[in-house]
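The report that follows describes a strand assembly and a set of helix packings, taking the sheet before the helices. Please keep the sequence and the structure at hand while reading.

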Amino acid sequence: MTNPSGPGHGRLDPSLSVIMSERRRLINLAYRLLGSLADAEDVVQETYVRWYAMSRERQEAVESPGGWLTTVASRICLDLLGSARARRERYVGEWIPEPLPEPAEWIDGRPGGATVDPADRVTLDESVSMAFLVVLDSMTPAERVAFVLHDVFRYSFAEVAEIVGRTPAACRQLASSARRRIRDSQAPATPVARRAGIVRDFKQAWEAKDIDALIGLLAPDATATGDGGGLAGAALHPVEGAEQIARFFADRASAVHGVTILECAVNGQPGLIAQQDGVTVSVMAFDVAGDRITHIWAVLNPDKLRPWTTG
C-alpha cells in the first residue's frame with residue numbers, strides 16, 4: 001500500500017525516525033475508526049510491536065513502511081470493531097465516542113491551555129466532530145473502514161480492498177453506503193461563531209436554571225445522551241424533547257454544588273466542560289441546526305475523560 005500522506009512513492013528508509021514519524025497519522029486513523037483515543041493508542045502500539053518483531057531483512061524488504069503500518073493498524077481496528085458490539089452489550093448505559101480536547105480556544109481564536117506535541121494530537125476537523133463519530137459508530141465495521149480510508153484519508157479502493165479483504169467494487173459500495181448515512185444525518189452547517197454563541201447562551205441559561213431560556217435554545221425534538229459507564233447518578237437512557245432536557249439540566253444544576261461550567265472546544269467544535277474542585281467531571285458536545293441545539297452528548301465516564309484530566 002502506498003502512503004498518500006507523504007511525498008512521492010519512492011522507497012522509505014525503515015529507520016526509527018521514519019517509522020515513528022508515522023505515529024500521528026496512525027493515531028488519526030485509529031481514532032476515527034474506533035472512536036476512542038485510548039484504544040487508538042493501543043492499536044498504534046501493537047502495530048509498532050509487530051513491525052519491530054520482524055527481522056531487519058524483512059523490514060528492508062517492505063517497499064512502503066508507512067503503507068505497511070497503515071495496513072496492519074487498519075486490520076487491527078477492523079478486528080476490534082468486529083467485537084465491539086458484544087462489548088457494547090455489556091456496557092452500562094449509552095456508549096458515546098471518547099471526546100477530544102483542543103488547545104486552541106474557540107472563544108477568541110488564541111492558543112490556550114497546555115502545550116501539546118503536534119505529533120501526539122489528532123487533527124481536528126469535521127471528521128472527528130462528535131456528530132460525525134456517532135454516525136460512524138452506527139456503520140458496519142467494513143463500511144466504517146472503507147469510508148474512513150477512502151473518503152477521509154484518500155486511499156484508493158484497491159488499497160482499501162487489501163485491508164478489508166473484499167474486492168475494490170465491494171469497497172466502493174461500502175463507502176457509498178456509509179456516505180449516504182453521513183449525508184442523511186447532516187443538517188445544513190451552522191457557522192462556528194453562531195454555534196459558539198448558542199452554546200454560550202445554553203451555558204448561561206443552565207447556570208441561571210432558566211428553564212424557559214433553555215427550551216428556547218433547544219429544538220423541540222432535541223435529544224440529550226449521557227455516557228457514565230455505570231457511574232452513579234448518570235442517566236442510563238437518552239432524554240428526549242426540549243422541555244424534558246431543560247428540566248433535566250436545571251435539576252442537575254440544583255442538585256450538584258461546587259461545579260464550574262467552562263466553554264471549550266470538544267472534538268474541534270464549541271462545547272462545555274464541567275469541573276469540580278478543578279477536575280473535569282463531564283464533557284459536553286453539541287450538534288446545532290440553524291439556531292437550535294438538536295443533540296447534546298455528555299460524557300461522564302472517568303475512563304473516557306483521561307485526556308481532559310492528565311497533562
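Two strands are taken to pair if DSSP finds at least two bridges between them. In this predicted model, Asp227 stands opposite Val299 in strand 6, and six bridges join strand 1 to strand 6, the two running parallel.

**The sheet**

These strands belong to an open sheet of six strands, in which the order is 2-1-6-5-4-3 and the pairing is mixed. Strand 2 (239–240) and strand 3 are the edge strands, since each of them pairs on one side only. The pairings for which bridges are reported here are collected in the table.

| Strands | Sense | Bridges |
|---|---|---|
| Strand 1 (residues 218–227) and strand 2 | antiparallel | two bridges |
| Strand 1 and strand 6 | parallel | six bridges |
| Strand 3 (residues 259–266) and strand 4 | antiparallel | eight bridges |
| Strand 4 and strand 5 (residues 279–289) | antiparallel | six bridges |

Individual residues show how the register is set along these pairings. Between strand 1 and its edge neighbour, Thr223 has Glu240 of strand 2 as its bridge partner, while Ala224 stands opposite Val239 of strand 2. Leu272 appears in two pairings: Glu263 stands opposite Leu272 in strand 4, and in strand 5 the bridge partner of Leu272 is Met284.

Two hairpins connect the antiparallel run of strands 3, 4 and 5. The hairpin of strand 3 and strand 4 has two residues between the strands, and Asn267 takes a positive phi near 50 degrees there. The hairpin of strand 4 and strand 5 likewise has two residues between the strands, with Asp277 at a positive phi near 55 degrees.

**Burial within the sheet**

Strand 4 (residues 269–276) is mostly covered, with seven of its eight residues buried. Eight of the ten residues of strand 1 are buried, so strand 1 is largely enclosed by the rest of the structure. In strand 5 one finds Ser282, which counts as buried because its relative accessibility is 8%, under the 20% cut-off. Leaving aside residues up to four places away in sequence, Ser282 touches Leu272, Ile273, Ala274, Ala298, Val299, Leu300 and Leu305. Val299 in that set is the residue that Asp227 stands opposite in strand 6.

Helix 12 (residues 242–255) lies across strand 1, strand 2, strand 5 and strand 6 (292–299), and it runs at about 45 degrees to strand 1.

**Helix packing**

Helix 7 (residues 141–152) takes part in two helix contacts. With helix 6 (residues 130–137), the axes come within 9 Å and cross at roughly 135 degrees, and the two helices are therefore oblique to each other. Helix 6 contributes Phe132, Leu133, Leu136 and Asp137 to this contact, and helix 7 contributes Arg144, Phe147 and Val148. The residues of that contact divide into five nonpolar, no polar and two charged.

How does helix 7 lie relative to helix 9? The axes of helix 7 and helix 9 (residues 168–185) come within 8 Å and cross at roughly 90 degrees, which makes helix 7 roughly perpendicular to helix 9. Ala142, Glu143, Ala146, Phe147, His150 and Asp151 of helix 7 meet a set of helix 9 residues that includes Cys171, Leu174, Ala175, Ser177 and Arg181. The residues of this contact divide into eight nonpolar, two polar and four charged. Phe147 is among the contact residues of helix 7 both with helix 6 and with helix 9.

Key: Residues numbered from 1 in each chain as written. Predicted model: local features only at pLDDT ≥ 70, side-chain atom pairs only at ≥ 80, totals over all residues. Heavy atoms only, no water. Axes fitted to C-alpha atoms, helices over the stretch in contact; angles between N-to-C directions. Helix = DSSP H or I, 4+ residues; strand = E, 2+ residues; numbered from the N terminus. Parallel < 35°, antiparallel > 145°, perpendicular 65-115°, else oblique. Contact = heavy atoms within 4.5 Å. Nonpolar A, V, L, I, M, F, W, Y, C, P; charged D, E, K, R; others polar. Buried < 20%, exposed > 50% of the residue type's maximum accessible area, 1.4 Å probe, protein only.
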